[in-house]
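I opened this model to see how its strands pair, where its helix is covered and what space is left inside. My notes follow.

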Amino acid sequence: MIRVGIGGWTFEPWRDNFYPAGLPQKRELEYASSKLTSIEINGTYYGSQKPESFRKWADETPDDFVFALKGPRFATNRRVLAEAGESISRFFASGVTELGPKLGPINWQFMATKKFDAEDFAGFLELLPKTVDGIAIRHAVEVRHESFQTPEFIALARKHGVAVVVADSETHPQIADPTAGFVYARLQNASEEEKIGYPESALSEWKKRAERWAEGGVPADLPLLAEKPAKAGKRDVFIYMINGFKPKAPFAAMALIEKLASR
């Protein structure tokens, strides 16, 4: 399955634009989830949500919809990552599994100043649970310092079965090595000048990459840091249109979904 979405659903410039004129704010998630196939929830990065919120979000979305969640900053924005156990446990105790089958990957995002330390990072990865309340948990790490561009980091992520977020960004390094049974990409170069944020040619390139990942392969046009892994089984792929010129993110996401539907 290739899923494409945006970050969150509450954003004023989307009103009377992406959202139909007069749509009540309480129905924005319902509408967004009818046009997209996934949403990355950013609010969980800043603070705990309530179990009833997760249940409400699950109830308002289609049966085959999936949410990705940002892991809490209290776990990732610290000097010693191996000491994040309490924050990680508190996050999973907050009710995230109330999403049930709609619970997608957890994205653990690190600050751009966080450098790669193999021992410290290994300590963090060892804290990430494989299952919670009987539900398998998939983890991705979004690293933003150039020191992570090393085969040692790729080997560590593969050892723990954790995906490395693929960034399409002018400011953050791109690491495209598949390291898990799924791929997680965040596209951050939407332009105000482009009608739908991304040019058609760029969306066609991401379509081909997504399809290649989903088949278990590796896109030929994205450089790797380590040896190319043996072709795996089919993978789930999650692609989010994030930042850049955010008002156009939903339109870029819908255009990519349309392109993928024609395969």
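I began with strand β4 (residues 103–109) and strand β7 (residues 139–142). They run parallel and are joined by four bridges. I picked out one bridge: Asn107 has Ala140 of β7 as its partner. Strands here are DSSP runs (E, at least two residues), as are helices (H or I, at least four), and both are numbered from the N terminus. Two strands count as paired if DSSP finds at least two bridges between them.

The model is predicted, so local features need pLDDT of at least 70 and side-chain atom pairs count only at pLDDT 80 or more, while totals for chains, interfaces and linings use all residues. Residues are numbered from 1 along each chain as its sequence is written, and side-chain values use heavy atoms, with hydrogens and water left out.

**The sheet**

I then traced the whole sheet. It is open, with nine strands in the order β8-β7-β4-β3-β2-β1-β11-β10-β9, and the pairing is parallel. Which strands stand at the edges? They are β8 and β9 (166–168); each has a single partner strand, so one side of each lacks a neighbour in the sheet.

**Helix α1**

Next I looked up helix α1 (residues 28–35). Its buried residues are Glu28, Leu29, Ala32 and Ser33. They lie on the same side of α1, because they cover an arc of only 125° around the axis. The arc is taken from the directions from the helix axis to the C-beta atoms. Buried means under 20% relative accessible area, exposed over 50%, and partly exposed in between, with a 1.4 Å probe and protein chains only. What covers these buried residues includes β2 (38–41), α3 (51–59) and β3 (66–70); contact means heavy atoms within 4.5 Å.

**Two positive phi values**

I checked the backbone too. Most residues other than glycine have a negative phi. Asp16 has a positive phi, near 60°. I found Asp16 in the loop between β1 (2–7) and α1. Is Asp16 buried or exposed? Asp16 counts as exposed, at 59% relative accessibility. Asp133 also has a positive phi, near 55°. Asp133 sits in the loop between β5 (131–132) and β6 (135–136). Asp133 is exposed as well, with a relative accessible area of 63%.

**Pocket and cavities**

Last, I looked for empty space. On a 1 Å grid over the protein atoms alone, a cavity is a set of points where a 1.4 Å probe fits but cannot get out; a pocket is an open set with protein on both sides within 12 Å along at least five of seven lines; lining residues have an atom within 4 Å of a point. Grid points are joined across faces, edges and corners, and a volume is the space filled by probe spheres set on the points.

The largest pocket has a volume of about 390 Å³. Of its 21 lining residues, Gly7, Gly8, Glu40, Asn42 and Lys246 lie nearest its centre. Helix α2 (43–46) is among the elements that supply at least two lining residues, and α2 gives the largest share, three residues.

How many cavities of 30 Å³ or more does the structure hold? I noted two. The largest has a volume of about 40 Å³. Its lining includes Glu142, Arg144, His172 and Pro173. The second largest has a volume of about 30 Å³. β10 provides the largest share of the lining of this second cavity, three residues.
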